[in-house]
Amino acid sequence: MKNLRLPPLGALRAFHAVAECLSFKQAASQLSVSATAVSHQIRLLESVLECRVFERSAQGVKLTETGHLLYAGTQNAFSSLEDAVKKIERARASPDLIVTTTSNFLTNWLLPRLADFKAQFPQIDVHLHTSVESIDLKKRTVDVAIRYRESAESELHCTLLYEDRFIVVASPRLNLNMPEDLNATTLLHVENRAVPAELPDWKQWKQRYGPPTLNVLRGLHFSDETHALQAAVAGHGAVIASQLLVGDLIDRGMLVAPFEASLPGANYYLVTLEESADRAEIVALREWIKQKISV
């Protein structure tokens, strides 16, 4: 069987460039060579194939029937080569991981622990993005979202990280011991919460735990939970906050949870595309958060 002689790669590259723009001059510009050099490569290609691949006329350049067949092949070949080179470059480069979450989760839970993640996985470059809006992962502008939801999202790969509860916290200086003590305490309100559906606010607290004389309309109002927590640390009042997000402040003695009672919250999920769930850097982040959040 006669061995098939493939045309030189340079000649195929020149042909592909001309076939894309149907211009020897433009192809030469793309390849950073002269139009004469491109013409030489095309003549070499036609010599090897023993047929014409372009028809030249005063109106311009067009592919012959053979040229159309060859162009279909070079499109597949060069596309595959470009994909292979991109994969090689990604494998050599430090993997990037773009993570979106809420500013409250980032500030109160993730940032205090991020140095540990970097120490364990120094090769992963983490880019952090915060938004109150849900980013569409299918647009591929981010890799991972840490979201606060009442249930998982069916079209995405969701990992349950934490089932949240809401508790009353205040500075130890306020010396709260019984629910009745709230009557003499400034109530700190967090507005604009979207989940859970049954909002964990002072109205619900009063209905469940009292005291019945509690005036739930008074106090200070905040649009951001982090700011309300800062006010509580400063001793300005008591706030109903996410048990997860106040854990560090309680451990450091900056806040106390004077009552055992709690209100139901939603769930923290790590969310990514199904086809991305097994990426090494996403697996690393997911397993690291699960380990840290369970401590």
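Colleague: What makes you say that strand 3 and strand 5 (residues 144-149) pair?

Modeller: In this predicted model, strand 3 and strand 5 are joined in the parallel sense over two bridges, and since at least two bridges are required, the two strands count as paired. Valine 99 stands opposite valine 144 in strand 5.

Colleague: How do you know that strand 3 (residues 96-101) also pairs with strand 4 (residues 125-130), and in which sense?

Modeller: Strand 3 and strand 4 share six bridges in the parallel sense, and the requirement is at least two, so the pairing stands. Isoleucine 98 is found opposite histidine 127 of strand 4.

Colleague: How many aromatic pairs come out of the ring rule?

Modeller: The count comes to 10 aromatic pairs.

Colleague: Why is the pair of tryptophan 109 and tryptophan 288 called edge-to-face?

Modeller: The centres of the rings of tryptophan 109 and tryptophan 288 are 6.2 Å apart, and their planes meet at 65 degrees. A pair needs centres within 6.5 Å, and planes over 60 degrees apart count as edge-to-face, so both conditions hold and the name follows. The partners belong to distant parts of the chain, with tryptophan 109 in helix 5 (residues 103-110) and tryptophan 288 in helix 10 (residues 280-293), 179 residues apart.

Colleague: What makes tryptophan 109 and tryptophan 288 buried?

Modeller: Tryptophan 109 has a relative accessible area of 2% and tryptophan 288 has 3%; buried means under 20%, so tryptophan 109 counts as buried, and so does tryptophan 288.

Colleague: Why is the pair of phenylalanine 117 and phenylalanine 121 called tilted?

Modeller: The ring centres of phenylalanine 117 and phenylalanine 121 lie 5.0 Å apart, with planes at 40 degrees. Stacked would need planes under 30 degrees apart and edge-to-face over 60, so with neither condition met the pair is tilted. Phenylalanine 117 is itself buried, with a relative accessible area of 0%. Ring pairs join these four residues, together with Phe105, Tyr148 and Tyr268, into a cluster.

Colleague: What makes helix 5 largely enclosed by the rest of the structure?

Modeller: Six of its eight residues are buried, so helix 5 is described in that way; the buried residues are Asn104, Phe105, Leu106, Asn108, Trp109 and Leu110.

Colleague: How do you know that the charged end of arginine 13 sits over the ring of phenylalanine 78?

Modeller: The charged end of arginine 13 is 5.2 Å from the centre of the ring of phenylalanine 78, and the distance limit is 6 Å, so the distance condition is met. The arrangement is assigned as a charge over the ring.

Colleague: Which residues line the largest cavity, and what makes its lining nonpolar by class?

Modeller: The largest cavity holds about 40 Å³ of space, and the search of the whole structure finds one cavity of 30 Å³ or more. Its lining consists of Val99, Leu110, Leu114, Phe117, Val126, Leu128 and Leu285. Val, Leu and Phe count as nonpolar, so the division is seven nonpolar, no polar and no charged residues. Helix 6 (114-120) and strand 4 each give at least two residues to this lining.

Colleague: What lines the largest pocket, and which residues lie nearest its centre?

Modeller: The largest pocket is lined by 31 residues, with Thr102, Asn104, Val132, Tyr148 and Ala194 nearest its centre. Strand 3, helix 5, strand 5 and strand 6 (157-169) are the elements that give two or more residues, and strand 5 has the largest share, five residues. The space in this pocket is about 710 Å³, and its lining divides into 12 nonpolar, 11 polar and eight charged residues.

Colleague: Why are leucine 22 and serine 32 put in separate exposure classes?

Modeller: Leucine 22 has 39% relative accessibility and serine 32 has 67%. Exposed means over 50%, and partly exposed lies between 20% and that limit, so leucine 22 is partly exposed, whereas serine 32 is exposed. Each has a positive phi although it is not a glycine, about 50 degrees for leucine 22 and about 60 degrees for serine 32. Leucine 22 is in the loop between helix 1 (9-21) and helix 2, and serine 32 is in the loop between helix 2 and helix 3 (35-49).

Key. Residues are numbered from 1 along each chain as its sequence is written. This is a predicted model: local features need pLDDT of at least 70, side-chain atom pairs count only at pLDDT 80 or more; totals for chains, interfaces and linings use all residues. Side-chain values use heavy atoms; hydrogens and water are left out. Helices (H or I, at least four residues) and strands (E, at least two) are DSSP runs, numbered from the N terminus. Rings of Phe, Tyr and Trp (its six-membered ring) pair if their centres lie within 6.5 Å; planes under 30 degrees apart count as stacked, over 60 as edge-to-face and the rest as tilted. Buried means under 20% relative accessible area, exposed over 50%, partly exposed in between (1.4 Å probe, protein chains only). A charge sits over a ring if NZ of Lys or CZ of Arg is within 6 Å of the ring centre and within 35 degrees of the ring normal. On a 1 Å grid over the protein atoms alone, a cavity is a set of points where a 1.4 Å probe fits but cannot get out, and a pocket is an open set with protein on both sides within 12 Å along at least five of seven lines; lining residues have an atom within 4 Å of a point. Grid points are joined across faces, edges and corners, and a volume is the space filled by probe spheres set on the points.
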